[in-house]
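Visitor: I am new to this structure and would be grateful for a close look at a single part of it, the surroundings of the ligand. Please also point out the other spaces and the unusual backbone sites.

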Amino acid sequence: MTPLHIAIVGAGPAGCYTADQLTRKLPDARIDIYDRLPTPYGLIRGGVAPDHQGTKAIVRQFERSFARGNVRFRGNVEVGRDVAYEDLKAAYHAVVIASGALEDRRLGIPGEDLAGVYGSGRFVGWYNGIPDCSGLAPRIDGPAAAIIGNGNVALDIARILGKTSAELAASDICAHAAAQLARAGLTDIYLIGRRGPCEAAFSAAELAELGRLEQVAPCVDAPLPAEPPADWDETRRKAALKNLEILRGFAATEWTDKPLRLHFLFHATPVAIAGEGTVAALRLVRSPLADGEEAEFTLPVNTVITAIGYRARPIPGVPFDTGRGIVKHEEGRVEPGVWTTGWCKRGPQGVIPANRSDALATADAIAANLAAAEQPAKPGGSAIDARLQDRGIEVVDFPGWQRIDTQEVAAGQGKPREKLVATAALLAAARQPETAR
Ligand code: NAP
C-alpha cells in the first residue's frame, strides 16, 4: 500500500495534538511537523507564563508522539519563506495548517505606534525567549503602566510585572527579562477593561493569585455590581460570581505594606495614547457614567501593553480571512487535501487542552478523506528535505531539539531551564552533542 504522508504546519499544541490523534487513526502514516522556530511546542514554550510550569506538563504527551519513528520534527523551517505551501501540497497527501495566532491585534487608536506601546504577544515573547521578541527591552522603568484587556493574558502580564525576583526564581523566565524586571520602577499598574467586572474573561484561579503576591496590592476603587445579570446561563453566572467575590475581597483589604498598586479599572475604553515619541498618557472614555463623572479621563502612564487578542499570520498561498484574522475554512477544511486546526482556525480562544477536541475532529476528517479513495504515490518529506538542503536551510530534528533541551535544563541552575534565545545559539546547540562541547 502507498505510504501516506502528512505535513503539519506548526508544532504548537494544535499541531502536536493533531499529530498525536493522527498516529492513533493512521498508525502507518508518516507525519512531518514543521515549525518556523528551532524549538517545538509553540505557545507552551513561548506563551504560557514562565511561573505556571504545571501547564507545560502536556509536552510529555507530545514527546511520546515524536518518539515514534513515523513522526518527525522539522524545526527552523518557515512555510511560505523556506518552503512553499504549494510544494507541501504536492509532496504530501494531507497538509494541516496549525500555525496559531502570531500577530497582536491592534487597538486602532492614535498613538499606538509610540515607543513604550507593546502587544502582549511581543511582550510575553520577550520574557519567554521567542527569538524575534527577545531583544524588545521594553520600557518598564515606571512609574506607571497600563495593561489593556480583561483576559488571562492581561492577568499573566500583571503578575509577571508584579512578582519579585524571589517569586520568579522557580520559573523559567529568561535571564535578560528577569534582570530588567528586577530593575523596573513600577509603582502603579492599571488593568483596563472596556466592559464591567462580570464580563471580564479572567479565570478565578489566576485572578485570585494576584492577591497573594509579595509586593502587589490589587485595588478596586469603583463599586462592584451585586451579581451578574439574571438572564445569563448558569456557567457564565457562576464564573462571574466567583470573580466578583475575589474582586470584593481585594476591595475590602487594606494593603498597607505593598508598594506596587494594581488598579482594576472597568468600563473604560482607550481612545488615544499620548506622548512625544514615547508614551506619556492614556486617554480613556468611561461608560456608563456615575453622577457627576466626566466621560473622558487621562492616566499618566509610561508603558502601555495591549492584551486584546491575536490574529493568525497569513502564509503565502493559504486562503486567509483578513477580516477575522484566521485561515479561511469550512469546518476545518481549507481546500482539497488541506485542513486547519487550533487558533489559526478558531481564533485565539480557549486553554491548551481545548485544542484536543479540535485535533480529534481534524484527524477524523483527514482519515475519512484519505480512506475514501485510493491515494496516488507521493514523495512526502524526502522531497522537501532535498529542497531545504539545496537552499541551505538548517533543519532542526527532534534529536536536535533534545540537545537544545538538555543544554537549557543544565544551564537552569535551580530554574527549570535557562532558554537559549538567539536563533544562532539554538542552532548551534541543536548541532552539537553536549559531550562534544
Ligand atoms: P481574551 O480572553 O479574549 O481577552 C481579551 C480581552 O481584550 C477581553 O477583555 C476583551 O474585551 C479585550 N479587548 C478586545 N479588544 C479590545 C479593545 N479594542 N479595547 C479594549 N479591550 C479590548 O484573550 P487573551 O487574554 O488574549 O487570552 C486568549 C486565550 O488564552 C483565552 O481563551 C484565555 O483564557 C487563554 N489563556 C489562558 C490562560 C490560563 O488558563 N492561565 C492564560 C493565558 C491565556 P471584550 O470582552 O469587551 O471583548
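Guide: An oxygen atom of the ligand lies 2.9 Å from a backbone N or O atom of Asn 150. In the case of Asn 152, an N or O atom of the side chain is 3.0 Å from a ligand oxygen, and for Val 153 a polar backbone atom is 3.1 Å from an oxygen of the ligand. On its own the ligand has 910 Å² of accessible area, and the protein covers 79% of that. A polar contact here is a pair of N or O atoms within 3.5 Å; within protein, one must be able to donate a hydrogen and the other to accept it, and residues adjacent in sequence count only if both atoms are side-chain atoms. Accessible areas come from the Shrake-Rupley method with a 1.4 Å probe; for residues, only the protein chains shown count as cover.

This is a predicted model, in which local features need pLDDT of at least 70 and side-chain atom pairs count only at pLDDT 80 or more, while totals for chains, interfaces and linings use all residues. Residues are numbered from 1 along each chain as its sequence is written, and side-chain values use heavy atoms, with hydrogens and water left out.

The shell around the ligand holds 21 residues (each with a heavy atom within 4 Å of it). The closest are Asn 150, Arg 194, Arg 195, Glu 206 and Gly 350. By class, this shell has 10 nonpolar, 6 polar and 5 charged residues. Here Ala, Val, Leu, Ile, Met, Phe, Trp, Tyr, Cys and Pro count as nonpolar, Asp, Glu, Lys and Arg as charged, and the others, Gly among them, as polar. Helix H6 (residues 152-162) supplies the largest share of the shell, 3 residues. Helices (H or I, at least four residues) and strands (E, at least two) are DSSP runs, numbered from the N terminus. Domain 1 (5-102 + 311-396) and domain 2 (106-308) each contribute at least three residues to the shell; the domain bounds come from an automatic or database domain assignment.

As for other spaces, the second largest pocket has a volume of about 420 Å³. Of its 18 lining residues, Ala 222, Pro 223, Phe 266, His 267 and Glu 293 lie nearest its centre. That lining comprises 14 nonpolar, 1 polar and 3 charged residues. On a 1 Å grid over the protein atoms alone, a pocket is an open set of points with protein on both sides within 12 Å along at least five of seven lines, a cavity is a set where a 1.4 Å probe fits but cannot get out, and lining residues have an atom within 4 Å of a point. Grid points are joined across faces, edges and corners, and a volume is the space filled by probe spheres set on the points.

Finally, the backbone: the peptide bond between Gly 142 and Pro 143 is cis, with omega about 10°.
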